[in-house]
Amino acid sequence: MIIGVIALFCLVSSTPVIAADVAKIGVISFDQILKESSAGKMTQQQLKTKGKELQEKLKKGKEELEEMSKSFEREALVLSPEKKKEKEREFRIRVNDLKKMQKDFATELKQMEISLINQIQKDIFEIAEKMGKDEGYLMIMEKKTAGIIYIPDQVDITDAVIEKYNAKTSKTQ
């Protein structure tokens, strides 16, 4: 009898816990935001434009180097040994300069990409934090970094975040 009363007490006292609301959890996909948001598309376009600009500069440098090589080949027979060594040295310096330029361009492009993506990430986190507070989320996670393998579609709030982000970026432009 005492066991029955204790069991009944436990059952009655745990009812509010059983009937409690389910925690509201949201998940966003930063990759999807980069691909679909207007700011993400603009960032991709900026990177593509800058990449083409840098590629053109490299192409011009390579063409100058090829012209220098052809010129050296034509003049090689009539140049004095000292002039020949000087031209070879000049050519090596230009090759090294071109390699350094290529490395610098790659670094510049990567830094630009990191800077632009960090700004988008900062904006998205602010929006997600505001959504979390305003809409009563217990937790909002980023899909990839959280290691999420499966989520039901109703938990994914990426589209809502993109919508709010597009609205925010259109106001600032």
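## Largest pocket

In this predicted model, the largest pocket holds about 190 Å³ of space. Its lining consists of 13 residues, and those closest to the centre are Ala39, Met42, Gln119, Asp123 and Tyr165. Helices H3, H4 and H5 each contribute at least two residues to the lining.

Ala39, one of the residues closest to the pocket centre, is also listed among the buried residues of H3. Rolling a probe the size of a water molecule over the atoms shows where empty space is left.

## Overall architecture

The protein contains five helices and two strands. Along the sequence they follow the pattern α-β-α-α-α-β-α. Of the contacts with a separation of 6 or more, 82% are between residues 24 or more positions apart.

Of the 173 residues in the protein, 23% are buried. The exposed surface comes to about 13,000 Å², and carbon and sulfur atoms supply 58% of that area.

## Helix H3 and its packing

Helix H3 covers residues 38-75, which is 38 residues. From its first C-alpha to its last it reaches 56 Å, close to the 56 Å expected at 1.5 Å a residue. The buried residues of H3 include Leu47, Leu54, Leu58, Leu65 and Met68. Glycines are listed as well, namely Gly40, Gly51 and Gly61, and Lys50 is another of the buried residues of this helix.

Which helices do the buried residues of H3 pack against? They pack against helix H2 (30-36), helix H4 (81-135) and helix H5 (158-172).

## Glycine 40

Glycine 40 is found in helix H3. It counts as buried because its relative accessibility is 2%, below the 20% limit for that class. Not counting residues up to four places away in sequence, glycine 40 touches Ile33, Leu34 and Ile120.

Leucine 116 lies 76 residues from glycine 40 in sequence. In space, the two C-alpha atoms are 9.0 Å apart.

## Threonine 158 and isoleucine 151

Threonine 158 is found in helix H5. Is this residue buried or exposed? Threonine 158 counts as buried, since its relative accessibility is 1%. Leaving aside neighbours within four places in sequence, its contacts are Val27, Ile28, Ser29, Gln32 and Ile33.

Isoleucine 151 sits in the loop between strand S2 (139-142) and H5. With a relative accessible area of 14%, isoleucine 151 is buried. Outside its neighbours within four places in sequence, isoleucine 151 is in contact with Val27, Lys143 and Asp156. Val27 is thus listed as a contact of isoleucine 151 and of threonine 158. Isoleucine 151 and glycine 26 are 125 residues apart in sequence, while their C-alpha atoms are 9.6 Å apart in space.

## Salt bridges

A search of the whole structure finds 16 salt bridges. Side chains of opposite charge can pair when their charged atoms come close. Within helix H4, lysine 100 and aspartate 104 form one of these pairs, with an N to O distance of 2.9 Å. The two residues are four residues apart, about one turn of the helix. Aspartate 104 is partly exposed, at a relative accessible area of 36%.

Glutamate 113 and lysine 110 form another salt bridge, at 3.3 Å from N to O. Both lie in helix H4, three residues apart, which is again about one turn of the helix. Glutamate 113 is partly exposed with a relative accessible area of 28%, and lysine 110 is partly exposed at 46%.

## Charged links between segments

Which residue forms a salt bridge with glutamate 135? The partner is lysine 164, and the closest N and O atoms are 3.4 Å apart. This pair links distant parts of the chain, with glutamate 135 in helix H4, lysine 164 in helix H5, and their positions 29 residues apart in sequence. Glutamate 135 counts as partly exposed at 32% relative accessibility, and lysine 164 is partly exposed with a relative accessible area of 37%.

Lys50, Glu53, Lys57 and Glu108 are linked in a network of salt bridges. Lys50 in this network is also one of the buried residues of H3.

Notes. Residues numbered from 1 in each chain as written. Predicted model: local features only at pLDDT ≥ 70, side-chain atom pairs only at ≥ 80, totals over all residues. Heavy atoms only, no water. Expected span 1.5 Å × (residues − 1). Buried < 20%, exposed > 50% of the residue type's maximum accessible area, 1.4 Å probe, protein only. Contact = heavy atoms within 4.5 Å. Areas by Shrake-Rupley, 256 points an atom, 1.4 Å probe, with all protein chains shown as cover. Salt bridge = Lys/Arg side-chain N within 4 Å of Asp/Glu carboxyl O. 1 Å grid on protein atoms, 1.4 Å probe; cavity = no way out; pocket = protein on both sides within 12 Å on 5 of 7 lines; lining within 4 Å. Points joined across faces, edges and corners; volume = space filled by probe spheres on them.
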